[in-house]
Each structure stands twice: as structure tokens, then as C-alpha cells.
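Biologist: I should like to go through this structure with you, beginning with the ligand. Please keep each answer to what can be read from the atoms.

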Amino acid sequence: MAALRFTPGGVAAKHFAVQHGSGLRVFTIQAVVRRGLATAKPPSSLFAPLDTFPDRHIGPDNAEAAFMLSKLGYDSMDAFVDQAVPPKVRVSSDAITDDQISPLSEFELFYRAKDLGNANKPFKSYIGMGYHNAVVPPVILRNVMENPAWYTQYTPYQPEIAQGRLESLVNFQTMVMSLTSMDIANCSLLDEATAAAEGMVMAFVATSQKKKTFFVDDGVLPQTLGVLRTRAKGSGIRLVVGDASSALGDEALRSDLCGVLVQYPDVNGNIKDFGHLAESVHAAGALVIVATDLLALTMLKPPGEWGADIVLGNSARFGVPVGYGGPHAAFFACTDKLKRKMPGRIIGRSRDVTGKPAYRLALQTREQHIRREKATSNICTSQALLANMAAMYTVYHGPHGLRRIANKVHGLTQLLKVIVESYGFRTTNLAFFDTLTLDVTGAAPDSSVVHAAATAAGINLRPVDSKHVGITLDESVGPVDFLRIANAFAASVKAPTVTLENVPATDSAVAVPQDLFRTSAYLPHSVFNKHHSETEMLRYIHHLQSKDLSLVHSMTPLGSCTMKLNSTSSMIPLTWPEFGSVHPFAPKDQVRGYSKIIAELESDLCKITGFHACSLQPNSGAAGEYAGLSVIRAYHEARNESHRDICLIPVSAHGTNPASAVMAGLKVVPVKSLQDGSLDLEDLQSKAEKHKDRLAAFMITYPSTFGVFEDGVTDACKIIHDNGGQVYLDGANLNAQIGLTNPATCGGDVCHMNLHKTFAIPHGGGGPGMGPICVAEHLSPFLPSHPVIPTGGDKAIDAVAAAPYGSASILLISWAYIKMLGGQGLADSSKIALLSANYMAHRLSGHYSLRYNNVNGRVAHELLIDFAEFDKAAGLKVSDFAKRLQDYGFHPPTVSWPISTCMLIEPTESESLEEIDRFCDAMIKIREEAEEIISGKQPRDNNVLKNAPHPMSVIAVSDAEWNRPYSRQTAAYPVPWLQEKKFWPTVSRVDDAYGDLNLICDCPSVEETAHPDA
Ligand SMILES: Cc1ncc(COP(=O)(O)O)c(C=O)c1O
């Protein structure tokens, strides 16, 4: 082993290289002595901040980067990047620098965010319309929402290391099923409006797309209607809006009817009995879809008891901040008959190979990756973290706690009604839960007088029209709030002030029609009836968390998912009330802080992509695809070319691409890939020419889903433009591009970005995410509008999400990430992401087959390893290697996508060389284990890979019970560092087929959990 030698001021790369080869310990000592701070420059002055973010965000330091470069045969980063990224698409080195985006230190960012938070006026909103002030129990705020062990988890595709969040998501499903009284629920959708659109399409598909009319009751939320319009257009559905109770008498309408959507209670707070309507909709062969409110359902007869086929809504009032529109978990439930058509993810109960019960993602066969253009929904990322919060809220409060909250909200609404009616206001909805729509004409000249009094009191009411105002109460309303509301009404009519001493008595009868009062029990399951003290709740949260592997343990090298550092500094402002408590429809002059952040983020994203304008509305990457393609359609339409409806998509594309194209009303034509993984330009040319009269768009992912920057991207874009089409660049892989190339330079017209990948929004166990789109100038007039808050261009398409800026509160994370890295830090991040992937490819070469690289032998920011040879040699599948990685304490990379026999590995810029090496060491060790099976030393069907992972329950058995041809030490501790850093999967390999055949999607019932002696 070479001696440890330091040079003054740091360790020279070449000394470091020698030392590294001799072992990890030496490396650790070096890292402790001096962290090279990869991009650190000496401070420019005594006052220059030292808490510079790039130095904390980027994993490898200067010496480590130099070492990796030397291993790849380069003496400079520039020489390396020149070989990884084709010169044709490179942007100049001053495209993204600190001059364009100047960096803020972590503390500077903190104070800037504080200032901007203070620029949002601290109004309290009682606007309702699907958004309420939520009370987040502090035990959930701190231990779930602000806890990286929950928010940095990945989607639970690897159930053996995800039983905690899977259980929590089952709690969410069970809660939804029980409150709505439906047979099955999924574990979240993006928002209420898009959930309604999914319901509409399910109804359309249920009639084999033969009946094209979808009826929307006029009590439905306006933002839902906006989103339905966009989706109906793409799907060829005829949307009719009106009073559902009278309009359905029309025979012509009934004969073409596929479904009806009603809101229960409706936008005005009215609670209508839709039971007869449901009968007549069913008689017409159509589906009944109900948008509802979970808290109201603790009092109201649930839709499942009066004929609903699909029930959906927003679960955010169960302990999730309103956050200027989100993120919130939409819920979606349906009858058993429809379960295989339900969008989104469903968690099911299955068992592991030892027979132990285990949860898993069920019915994966419905996913877009498999169904592609035949998929009827593009939902991929959804809102797992927020669903977990709502589930935990339900666990914490239980059925009785929820009912107490509902009683309080309803009681305060009744009291308010009595007070305001004493001033001459008239309640137009006599049946209500938490919302009153008041006719002001008996009390005030018009509604503006009431709004003015409310504004003076620091509260927002719902604007209806000149004669009406609306108000929705919620759990957060305390005595001070209540008096402020009541006295705003008093002030508007110059009545005496209300005090707690002089509030009138209310009629104690509830304002819910007798026939619609809930009589059935809900939430009897044991999990909702025992964790009500904070001690118990805290332990339950931590118990589940301890079952799950996340970024707090080790790298999560998921290709195409970019699981990088989600810095604490960018997460902190998110839960400040200055941002968390803002209603999405609050007046513009109250949200100056948000508006500034939104404008800056839009501008920075345009600089980064090279495009002209941005829409922050879409709530996921797939939602961005759909939005971008809908924009393209509108562009063609505006040029009298609405017949352009063909979308070319490479076979290698992510499954959401074809699904989104279909949703936007396009017909998918696949384009081949060549043997080397690159796009088949000849095939593209011939298909573009063949369809030139109908060519609408081409979707391309860059760098490709095979992890390579292809040379041909600009040629491909030219072919499309020459044939009248537009180019949609899937920017999920933008992490490899920033500062080096950009979608505009590649030749694209529109791209989406996954802010939950490149721009550091944490993955949350399957969401939230954000998928904004950036577009070239000619497409900017078509960016999405919003029916309540104006957004988008002057020829805007309708809304694509419920809130004007999507899940606005998490935009703060990406804004902070960009601001703290600055231009240089962003570009450096891309370079290190490329370098780390190439270093990994270098380390694994000779052990595994790298499937694709470019002409210079370089990959982009991820690498595709093929395991087909092991199947041939010893029956070992890629999944066996993935499961074995769990025993080594790593989350497996992306498995079986984009090629079924492959792993797609993405280290990102945030992982240190030590961690990258640890992962490579694990992979190499597993390769040695595989060799023992290939050579016959281990049996093919009973070996350390096939039996992986090994939970503690399998290891901790007596010598007599241990009947495997390898030791327990080999199973659990195959490398020395596991002695210190062991993570235990909690179940053995989960049986997927069993779970699908025996689909059970809710928590065990009381009977199932009963003690055997009971
Ligand atoms: C290449 C690519 N495109 C699109 C998507 C869809 O993004 P989302 O999951 O946010 O809908 C993904 C997500 O994994 C992706 O990898």
C-alpha cells in the first residue's frame, strides 16, 4: 500500500490515485482531512459566503473528479465532455454561467425566501372550491413531511425494502374505500380535476368508446370543468354541462351518454340527493362519477351507497397544507367491476416466498410501459407522500376524531349561517356541510361591499357574482378566526360587533337532509383505532419508516429517475406558513412572493432549455407530455391544419410518451432503433415522409432512454420540421444537458422537465412531482390557461391541472436549487453526473456487458447493463441481481426498462466517489457470486441470488433449520462494510403473480387481526 502523502493546500490527484487503489480506508482518511469541494474557488473577499451550495451538492471533490477522469484517460473535464456530448449540439461555455444565474449561498437563499414569503400577504382564505386550510398534526409535519426518510424514498417497485410506505399507502386506500363505501381505491392521482378527467375517460372506455357524450353537472368545480374540456377534446368526447337533475330527460342525450359527473356537496355547498339520477344514468348504460369531500362523508351517505361507479376528490384537508394549489393527493375509487380499468397505482396484499404477508404494487400489467399506446392513462408519478400524510392523519385521528372535526366544522357553519341571516343575508343552499352561498341583496348593495369588509379583516371569501358570496369553513377555524369572519359580515352591513359572549344559539339539528345522513360505520380497521396518542403515532411512523430504504441510507441509482440530493436548505421554506397557507385562487396582490418565485423559475427554466416561454401547470412529467402535445395540436389547429394527428415515437421511448400522445388525440406510429440503440434515422425519414400530410409531432428523449447522446438528434428534428411536424423533446434526462446542450439547440419545439428529477424535488415514494413545459416562441400563445386565475398565452388551450401553477409550493424547491447552484454549479453538476456514470461504466466493464455507448465509448449520465448472458448461462435474471443488491444495502437500479434484460444505472452528481465505488464493489462481488452458479459450485435453483433478498427472519434460524448451500454470513454480510452499515429487507422475495390473482387492496379487517383466542 502506498504511503499517504499530502501536498500543502490539498491532495494532488496523482497521489490520490495511487492511494485509492489500495483500499477504501485510505480514501476515507483523505476525505476527512480535506474535502476538496469540487467547485470551490477561494473566497473573493472576507465577506464572501462560505456556505456555498455546489460544494455540498456535488458528491465528488476536485481530487476525486481528477481521479475519475484519469481512470478514463483524460487530463481535463473539457476533454472528457467533448467526447461524451456531440459537438453539434453543444452550447457555448458561457450559455449557463453565474452571470446568467448568480448563485446564492444557503443562508442567502434562506433570507431571500423569507423576504419573498413575507411578500405574500397573510390572508386567511375561506374560498373553498376544493381547497381548505388544513391542520397538519405536528407529529406528521416533522416526522413525515419534513423527514427525508419519507420524502426521499423512491416509488415502491422493490417491495422487500418498501413495506413501510406500502403499508401506509394501503392505509390511504382503505381510508378512501371506507369513507366513500367503494370496493377498491388507488393510492393517489395528481389532483381532483385530472382525477375527474380519468373518470370521464374510464366511462368512455367502458362503453367501448361508442357513446361519446359526457354530462357534467353545473355544480362541479370550475377548474375540474377546465381540465375536462382539454381531455374531452383529445379523447373525442362531447362534453355537455347543465343541471343533471333535469337535463337527462333528453332522450337524444341519454342514448349517447357514457357518464355523468356530479359534485357532492357541490361548488355552492349544496348537498343534493343524486340517488334517482344514478338509477336513470345506469338505465342509460352510463357510469355515475362523483367528486366529493372525505370529511363531509363522515356525515353524508357515501356515494357507494347510492349508486356511484367512480368516486374521486382531493384528500388534502386531511392534514396537507393548501400550498397555493398543492401538492395534494387526489383519491380515486371505483366498483370491483371497473378495477382493471382504474388509472394510477394500486397497492395489493400478497405474500413472500416463505408465505409471510407482504404488500406490493399490484396489477402492473395495466401500466403504460406495457400497454403503451393502448394505455388509457399516462399516470406514472402521482402523489405518494401526500397520500401518506393523509393516511397518517386518518390513523392519528381515527373515525371518532374525524367525526369530531366534521361536527365542529359543520357546527361553526351553522352558527355562521344564523349570524349572517340575522343581518339580512340569505343562504341559498339550505342543505350544507361546510359551505354557504349567500345572497347579499337583502343586506348589502352588492357583493363587493362584503368582499371589501372581508379584505379589511384579512380574509378571502369566494367571489360568485355581484349578488352572491361564498364561504367555506374548515378545521383551522378557531374562535378568533370565527369572530373575524362574522364581524366582516357585520361590518359590511354596519351591524354591531359579535363577541363570544353574544353569539346566538344554533339549531342543533344538522343541515344535512335526513335521507342523506350517514348511518354506516367507517374505518373499523385496527390501524385507525389505536395510534391516537403522539407517542403511539410517532412510533408507528418510525416503525414503518424503518422498513424502507431511501436516500438517507445509500445511493438509489435508478436510471431515468435522477435520485440526487434533495437539500435541506431547499426543503425548509416549503413548510413555512407564508407559503403553505396560500389558497391557489387568492387575489394576485396577496401572492407577490409566489409570483416572483414563479417568474424567476420560469425565466431560469427558459434559459436552461433555450426556449421562450414556460408553463408551470403540469403536475408530473407525463402531465407535461400531455400538455406539450396538446399545445402542438392547438398550434396546428390555429394554422388550419387540425388534420395533423400522427405522432412518431421511438420504440425505446418511455411508456408515458405513447400514452400521452393518445390522450392528446394523436395516433402513434413507432420508429425503430438501430442495433447500437440509436434512432433509426432512415425509418424516421420514411415514416415522416409517408405521413407528411398528417404529421403532427415527433417525441424524442435526449439523451436517449438507452443512456447515450445520439449524434443524429438534430438531423431527426430537421426531418420532422421538413415534413410539417413539431418536435417534442422529453426532458426527463435534462440532468445530462444543463450548460452543455439544451432542447432548443437539439432542434426541439417543446420539452417538459421533471422537476422531481433534475431540479431536486424529492421523489416522495412516488410523488409529488412537477412537469413544467418550455416552448419555442411560436408555441407560446398556446400555453395552458386556467378558468379561475388567468395563465397562459392569448390562444391558450384549456387547463391541464386543477391549480394555475400546479403543485406550486414545491416549485420553491427547484427555485432554491437553481438559485443556490447558480449557472456554474448547474453546469458543473451536469459534468459530474456524466463523469460519475462513465466512471461507473469503466469500473463495471469486464464484469458486465455495457449495452450501448457512443462512438467514443462514452455513455451519458446513465448506463445500461445487459444481463441476458446470465440467463443463458445459469438461468439468472436481471431481477435476481437486483434483489441481491438489497442484501448489500442498495436500492436496485431501474430494472427491465428500457430493455427487459437490462439494468439502467444513474449515479447522479450528488454521490461521492466512495459511495460510487461501494456500489461498484457490490456489483462486482455479485458477479463473483453469479460465477459460482455458472460454474456449478452453487445450484441453479437454490443459491444466494435466487433466494435474495435475505431478511433477518430468514437468517435468524437454528443451524438445523438453515438448509441453504451457503452460509448465513454469505447471505447477510457478503462484504465487510455491511458489518457497520447493514440494512435489512423486512420480507423475502414477494410473489407478484399471487398478488395479482388474489387482489386485496385494503388493510386487514378487525376479524383478520383478531387474536386466535378471541
Ligand atoms: C424518460 C421519461 N419520460 C417521462 C417520464 C414520466 O414522468 P412522470 O413519472 O413524472 O410522469 C419518465 C419518468 O420516469 C421518464 O423517465
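Biologist: By class, how many nonpolar, polar and charged residues does the shell around the ligand have?
Modeller: Please note that this is a predicted model. The ligand is surrounded by 15 residues, and T381, S560, G621, D730 and H756 are the closest. Divided by class, the shell has three nonpolar, nine polar and three charged residues.

Biologist: Which residue places a polar side-chain atom 2.6 Å from an oxygen atom of the ligand?
Modeller: Backbone atoms should be set aside here: a backbone N or O atom of G621 lies 2.7 Å from a ligand oxygen atom, and one of A622 lies 2.8 Å from a ligand oxygen atom. The side-chain contact at 2.6 Å belongs to S560.

Biologist: How much of the area that the ligand exposes when taken alone does the protein bury?
Modeller: The polar contacts include the one from the side chain of S560, at 2.6 Å. Taken alone, the ligand exposes 390 Å², and the share of this that the protein buries is 97%.

Biologist: Which helix gives the most to the shell around the ligand?
Modeller: G621, one of the closest residues to the ligand, makes a backbone contact with a ligand oxygen atom at 2.7 Å. The helix in question spans residues 621–638 and gives three residues to the shell. It is α23.

Biologist: Turning to empty space, what is the volume of the largest cavity?
Modeller: Rolling a probe the size of a water molecule over the atoms reveals where space is left empty. The structure holds seven cavities of 30 Å³ or more. The volume of the largest is about 280 Å³.

Biologist: Which elements give two or more residues to the lining of the largest cavity?
Modeller: The largest cavity has 25 lining residues, with G130, H132, Q263, P265 and D293 nearest its centre. The elements that give two or more residues to this lining are β5 (257–264) and β6 (287–292).

Biologist: How many charged residues does the lining of the second largest cavity have?
Modeller: This cavity has about 130 Å³ of space. Its lining comprises 16 residues, and M145, P327, L386, L574 and I810 lie nearest the centre. The lining of the largest cavity has 10 nonpolar, nine polar and six charged residues. That of the second largest has 12 nonpolar and four polar residues, and the number of charged residues is none.

Biologist: Which strands stand at the edges of the seven-stranded open sheet, and why is one side of each left without a neighbour?
Modeller: The strand order is β2-β8-β7-β6-β5-β3-β4, with mixed pairing. Each edge strand has a single partner strand, so one side of it has no neighbour in the sheet. The edge strands are β2 (184–185) and β4 (238–242).

Biologist: What is the bridge partner of F215 in β4?
Modeller: Strands of a sheet pair through backbone hydrogen bonds, in parallel or antiparallel fashion. Strand β3 (residues 213–217) is joined to β4 by five bridges, and the two run parallel. In β4, the partner of F215 is V240.

Biologist: Where does P265, which follows a cis peptide bond from Y264, lie?
Modeller: Most peptide bonds are trans. The bond from Y264 to P265 is cis, with omega near -5 degrees. P265 is also among the residues nearest the centre of the largest cavity. Its location is the loop between β5 and α14 (275–283).

Biologist: What is the phi of L523?
Modeller: Most residues other than glycine have a negative phi. L523 lies in the loop between α18 (479–492) and α19 (534–545). Its phi is positive, near 50 degrees.

Terms used. Residues are numbered from 1 along each chain as its sequence is written. This is a predicted model: local features need pLDDT of at least 70, side-chain atom pairs count only at pLDDT 80 or more; totals for chains, interfaces and linings use all residues. Side-chain values use heavy atoms; hydrogens and water are left out. A residue is near a molecule or strand if one of its heavy atoms lies within 4 Å of it. A polar contact is a pair of N or O atoms within 3.5 Å; within protein, one must be able to donate a hydrogen and the other to accept it, and residues adjacent in sequence count only if both atoms are side-chain atoms. Accessible areas come from the Shrake-Rupley method with a 1.4 Å probe; for residues, only the protein chains shown count as cover. Helices (H or I, at least four residues) and strands (E, at least two) are DSSP runs, numbered from the N terminus. Ala, Val, Leu, Ile, Met, Phe, Trp, Tyr, Cys and Pro count as nonpolar, Asp, Glu, Lys and Arg as charged, and the others, Gly among them, as polar. On a 1 Å grid over the protein atoms alone, a cavity is a set of points where a 1.4 Å probe fits but cannot get out, and a pocket is an open set with protein on both sides within 12 Å along at least five of seven lines; lining residues have an atom within 4 Å of a point. Grid points are joined across faces, edges and corners, and a volume is the space filled by probe spheres set on the points. Two strands pair if DSSP finds at least two bridges between them.
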